[in-house]
Amino acid sequence: MTKPVRKSMPRRAKPSASKRRAPVPAEPDVKGEQANLPLESRIGAAIKRRRLEANLTLSDLSTGAGLSSAMLSRIENGMASASLDALERIAAAVGVNLSELFRESESRQGSAQLVKKSEQMEVVRVGTKYGHTYRLLSYDRGPHKLFEPFFIELDKKSETFPRFSHPGTEFIYMLQGRMEYRFGEQVYLIEPGDAFTFSGNVVHGPEKVLDERVRFLAIIVYAE
């Protein structure tokens, strides 16, 4: 007798690793999202964060702040605004002062500015002569000028050097070469790696370049 031929069942293909494992969702950018939230929501998030850090329940905080748990829940979720008096009691109950609570709830989007070398603007300052280069490294776009950073290059070809007087404080960091720098009635020797800070309202400026070329950073910080 002829034996019956068994039909082999096709094997199921094993799922690939990509199919077996579900993709892990990326964590949301909480700080970025909170920066765009209204003030009530940011304050509520700061209160909740402080409450959890202190291991307090809504009931605990309710007792300490003299508010109902339902009201505190609405404040934490940004669904209700609290009076300054209530916020002060809440802040005290979680162990911070009111100003710190507001500081934590500030929108901190910040700003940044990159000025490429090719975009840096050479400026002519009062008294600038041949062989002097003043390159402005940042452009302040705000309503009030806060600071001005310069890259300055001088050489011996100039017989005279400019003198300046301006509000605020100036900071110089020497990169290359040596120079004598006048501040009022005094003259200071500045060498590579030296840092020199002084009041801008006293007449100041390079007195003498001791090497063929000097390069340094000068940052003027203006009072608010």
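1. Helices and strands here are DSSP runs, of at least four residues for a helix and at least two for a strand, numbered from the N terminus. On that count the chain of this predicted model has seven helices and nine strands.

2. Confidence varies along the chain. The mean pLDDT is 79, and 74% of the residues reach at least 70. Residues 13–33 have a pLDDT below 50, and the model gives this stretch two contacts beyond near neighbours in sequence. Among the elements, helix H1 (residues 17–20) has the lowest mean pLDDT, 42, while strand S6 (residues 186–190) has the highest, 97. Where pLDDT is low, the predicted coordinates should not be read in detail.

3. Some totals for the chain follow. Of its 224 residues, 31% are buried. The accessible surface is about 15700 Å², and carbon and sulfur atoms account for 53% of that area. Taking contacts between residues at least 6 apart in sequence, 60% join residues at least 24 apart.

4. Strand S2 (residues 133–136) has pairings with S1 and with S3. Strand S1 (residues 121–123) runs antiparallel to S2, with three bridges joining them; Glu122 has Arg135 in S2 as its bridge partner. S2 and S3 are also paired in the antiparallel sense, over four bridges. On that side, Leu136 stands opposite Phe150 in S3.

5. Which way do the side chains of S2 point? Thr133 and Arg135 point one way, Tyr134 and Leu136 the other way, and all are buried. In a regular strand the side chains alternate between the two faces of the sheet.

6. Thr133, in strand S2, deserves a separate entry. Thr133 counts as buried because its relative accessible area is 18%, and the cut-off for buried is under 20%. Setting aside neighbours within four places in sequence, the contacts of Thr133 are Glu122, Phe151, Ile152 and Glu153. Glu122 is also the residue whose bridge partner in S2 is Arg135.

7. Is Phe147 in strand S3 (residues 147–155) best described as buried, partly exposed or exposed? Phe147 is partly exposed, because its relative accessibility is 34% and that class lies between the limits of 20% and 50%.

8. Phe147 also belongs to a nonpolar patch on the surface, together with Leu146 and Val221. The accessible area of Leu146, Phe147 and Val221 together is about 250 Å².

How values were computed: Residues numbered from 1 in each chain as written. Predicted model: local features only at pLDDT ≥ 70, side-chain atom pairs only at ≥ 80, totals over all residues. Heavy atoms only, no water. Patch = residues over 30% accessible without salt bridge, like charges linked within 9 Å, V, L, I, M, F, W, Y side chains within 5 Å. Areas by Shrake-Rupley, 256 points an atom, 1.4 Å probe, with all protein chains shown as cover. Salt bridge = Lys/Arg side-chain N within 4 Å of Asp/Glu carboxyl O. Buried < 20%, exposed > 50% of the residue type's maximum accessible area, 1.4 Å probe, protein only. Pairing = 2+ DSSP bridges. pLDDT = per-residue confidence, 0-100. Contact = heavy atoms within 4.5 Å.
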